[in-house]
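Here is a walk through the model, taken one spot at a time. Have the viewer open and follow along.

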Amino acid sequence: MAKEEKPKIKMAVYWGAACGGCCVSVLDVHEKLFDVVAAADLVFWPIALDIKYKDVEAMPDGDIDLTLYNGAVRNSENERLAKLLRQKSKILVAYGSCAHMGGIPGLANFSTREELFERIYDTTESTENPDNIRPQPEYKVPEGVLELPEFYNDVRTLNQVVDVDYYLPGCPPQTERLVEVFMAIVTGAELPSKGSVVGALDKSQCDECPREKSDKKLVKRFYRPFEIEDDGKTCFLEQGVICLGPATRGGCGVRCIEGNAPCRGCYGPPPDVPDPGAKMMSAIATMIDENDPEAIEKVIDTIDDPAGTFYRFSLPGSILRRKIT
Amino acid sequence: MSYEPTIVAFLCNWCSYTGADLAGTSRMKYASNVRIIRVMCSGRVDPTFVLSAFKEGADGVLICGCHPGDCHYHEGNYKCLRRYHLLQKYFQQMGLDKDRLRLEWISASEGRQFAELVDSYTETVKNLGPCKMKQVIETLT
Ligand code: SF4
Ligand code: SF4
Ligand code: FES
């Protein structure tokens with residue numbers, strides 16, 4: 001009897017520069033977890049299991065069938081583990097917005113490492129650091145040398161560091177989508193071509209969105225969500241509230257819009273859109289109901305932080321990738 | 001200093017490209033720094049084109065279209081104008097000088113104006129110095 005059972009697949013989950021939400025989204029499979037553990041052995045998962053890096057190093061190359069890497073690459077430890085897990089895994093999935101496009105940690109690409117350190121270790125209202133101590137990659141103590149990962153100047157996406165097989169977008173990805181992808185892998189279903197985005201649609205959020213839209217999206221000013229009373233049914237953009245729907249891939253179940261909040265773009269751009277911010281700038285340009293340069297400037301001035309808004313989840317994965325100094 | 005800027009120029013087919021052509025057939029001299037790309041309308045210039053130009057090493061991008069009211073497709077140049085202002089705001093947040101992008105209207109008969117524009121914009125970009133974007137992108141760690 002036991003002989004007829006399918007061999008379990010080996011699976012790993014790792015977090016790079018992440019908030020932990022992606023790992024929790026894996027736990028959110030709830031009772032489906034029994035299906036997962038029936039089909040897979042979790043061989044490495046720092047949030048849940050005490051398996052050390054050296055245990056992973058000892059595995060033969062390609063031994064892990066499936067690795068979900070969540071989080072961006074922002075320090076030397078993230079990079080080392082990305083390379084190690086690539087070597088040890090047959091399928092490496094960039095799981096979640098941060099691994100996919102850089103995510104919220106990727107917004108640090110608007111600053112340099114020095115600017116970040118200055119804020120964190122010097123100027124925040126709660127910092128007390130009279131000796132101006134900064135993290136050092138190495139520190140000598142009587143017992144030996146202590147090491148900390150090196151903090152990089154730039155945040156990178158997973159595919160800017162290693163070869164990636166699939167992308168499963170979202171902040172975090174919808175757990176149902178993960179289960180579908182996981183089941184496809186364990187049942188040996190035919191997998192999409194390498195480099196595909198899985199667990200999401202080819203259509204945009206707008207195609208899925210239940211809000212009423214007309215052809216004439218024209219506005220004289222933009223509003224931040226708190227500055228206007230949402231009528232609950234008209235397209236956010238038509239009400240002058242920035243919604244990243246046109247530049248974002250569907251698949252989340254329009255979950256923010258269902259909660260009466262505009263889309264922030266966590267699923268990344270649809271196919272054939274290389275840069276979500278460029279797409280948003282195009283969409284917004286068609287909406288501004290002015291033709292005079294000064295009047296146009298005035299409308300644009302009502303968009304608070306356009307770069308941070310249009311690239312909220314995607315700065316490192318965008319064409320320009322970071323601010324230059 | 002031997003720095004010669006590389007400027008990518010997107011010219012609309014109906015007015016500005018014809019204007020540039022006129023400058024050529026009239027044997028006017030202008031700075032050889034521009035690399036001209038013909039597009040059907042200035043409204044065809046997707047912001048992606050502009051960003052890609054900088055990623056590939058451009059020091060400046062020039063967009064030329066028909067004068068307001070003259071666009072062959074009616075509204076394309078207005079759309080371009082709005083994108084231009086958005087892009088400039090984005091540029092400033094990315095540490096790029098907003099003069100690295102320039103939009104001007106050139107009609108089919110304005111060969112002289114085109115030649116002068118190229119010369120003066122080349123001077124502007126020269127004064128800004130080389131754009132670091134490409135090098136920064138290639139050396140991210
Ligand atoms: S812009 Fe936003 S609110 Fe409007 S249709 Fe698209 S997803 Fe829906
Ligand atoms: S609506 Fe937009 S921001 Fe919200 S979960 Fe979906 S893709 Fe992400
Ligand atoms: S055709 Fe010249 S700007 Fe539209």
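## B:Thr25, out in the open

In this predicted model, B:Thr25 has a relative accessibility of 61%, so it counts as exposed. You'll find B:Thr25 in helix H1 of chain B, which covers residues 16-25. The side chain of B:Thr25 isn't idle: it reaches back to the backbone oxygen of B:Leu22, at 3.2 Å.

For a sense of scale, try B:Thr25 against B:His72. The two are 47 residues apart in sequence, and their C-alpha atoms sit 23 Å apart in space.

## Where chain B meets chain A

How much area do chain B and chain A bury between them? The figure is about 3,100 Å², with 69% of it on carbon and sulfur atoms. On the chain B side, B:Arg82, B:Leu86 and B:Leu140 lose the most area to chain A, and together they make up 23% of what that side buries. In residue terms, the contact draws 27 from chain B and 36 from chain A.

As for charge pairing, the count between the two chains is one salt bridge. The partners are B:Lys89 and A:Asp301, whose side chains meet at 3.5 Å, N to O. Polar contacts across the interface come to 11 residue pairs, with both residues at pLDDT 80 or more. On the chain B side, helices H2 (47-55), H3 (76-93) and H5 (133-138) each supply at least two of the touching residues. The largest share comes from H3 of chain B, with 11 residues. Sort that side by residue type and you get 14 nonpolar, six polar and seven charged.

## Salt bridges elsewhere

Over all chains, a search of the whole structure turns up 29 salt bridges. One of them pairs A:Asp202 with A:Arg249 at 3.4 Å, N to O. A:Asp202 is in the loop between strand S10 (196-197) and helix H8 (205-208) of chain A, while A:Arg249 is in the loop between H8 and helix H9 (255-258), so the bridge ties together parts 47 residues apart in sequence. Are the two ends buried or exposed? A:Asp202 is exposed, at 61% relative accessible area, whereas A:Arg249 is buried, at 6%.

A:Lys220 and A:Glu290 form another salt bridge, with their closest N and O atoms 3.4 Å apart. Here A:Lys220 sits in the loop between H8 and H9, and A:Glu290 in the loop between helix H10 (276-287) and helix H11 (293-301) of chain A, so this pair links parts 70 residues apart in sequence. A:Glu290 counts as partly exposed, because its relative accessibility is 22%.

Over in chain B, B:Glu104 and B:Arg102 form a salt bridge, the closest N and O atoms being 3.6 Å apart. B:Glu104 comes out as partly exposed, at 29% relative accessible area. B:Arg102 has 19% relative accessibility, and the cut-off for buried is under 20%, so B:Arg102 counts as buried. Back in chain A, salt bridges also link up into a network that joins A:Arg86, A:Asp163, A:Asp165 and A:Lys194.

## Around ligand 2

What surrounds ligand 2? The shell is made up of A:Gln205, A:Thr248, A:Cys252, A:Arg255, A:Cys256, A:Cys263, A:Arg264, A:Gly265, A:Cys266 and A:Tyr267. By type, the residues of this shell split into five nonpolar, three polar and two charged.

## Two buried spots in chain A

A:Thr157 belongs to the loop between strand S8 (151-156) and strand S9 (166-168) of chain A. Loop or not, A:Thr157 is buried, with a relative accessible area of 1%. The side chains of A:Thr157 and A:Asn159 are joined by a polar contact of 2.9 Å. Setting aside residues up to four places away in sequence, A:Thr157 touches several others, among them A:Val73, A:His100, A:Met101 and A:Pro316.

A:Met280, in helix H10 of chain A, is also buried, at 0% relative accessibility. Beyond neighbours within four places in sequence, the contacts of A:Met280 are A:Ile242, A:Cys243, A:Leu244, A:Pro246, A:Ala247 and A:Phe310. By way of a long-range check, A:Met280 and A:Pro46 are 234 residues apart along the chain, and 37 Å separates their C-alpha atoms.

Technical notes
Residues are numbered from 1 along each chain as its sequence is written. Chains are lettered from A and ligands numbered from 1 in the order in which they are written. Side-chain values use heavy atoms; hydrogens and water are left out. Contact means heavy atoms within 4.5 Å. Buried area is the accessible area (1.4 Å probe) that two parts lose on being put together, summed over both. A salt bridge is a side-chain nitrogen of Lys or Arg within 4 Å of a carboxyl oxygen of Asp or Glu. A polar contact is a pair of N or O atoms within 3.5 Å; within protein, one must be able to donate a hydrogen and the other to accept it, and residues adjacent in sequence count only if both atoms are side-chain atoms. Helices (H or I, at least four residues) and strands (E, at least two) are DSSP runs, numbered from the N terminus. Ala, Val, Leu, Ile, Met, Phe, Trp, Tyr, Cys and Pro count as nonpolar, Asp, Glu, Lys and Arg as charged, and the others, Gly among them, as polar. A residue is near a molecule or strand if one of its heavy atoms lies within 4 Å of it. Buried means under 20% relative accessible area, exposed over 50%, partly exposed in between (1.4 Å probe, protein chains only).
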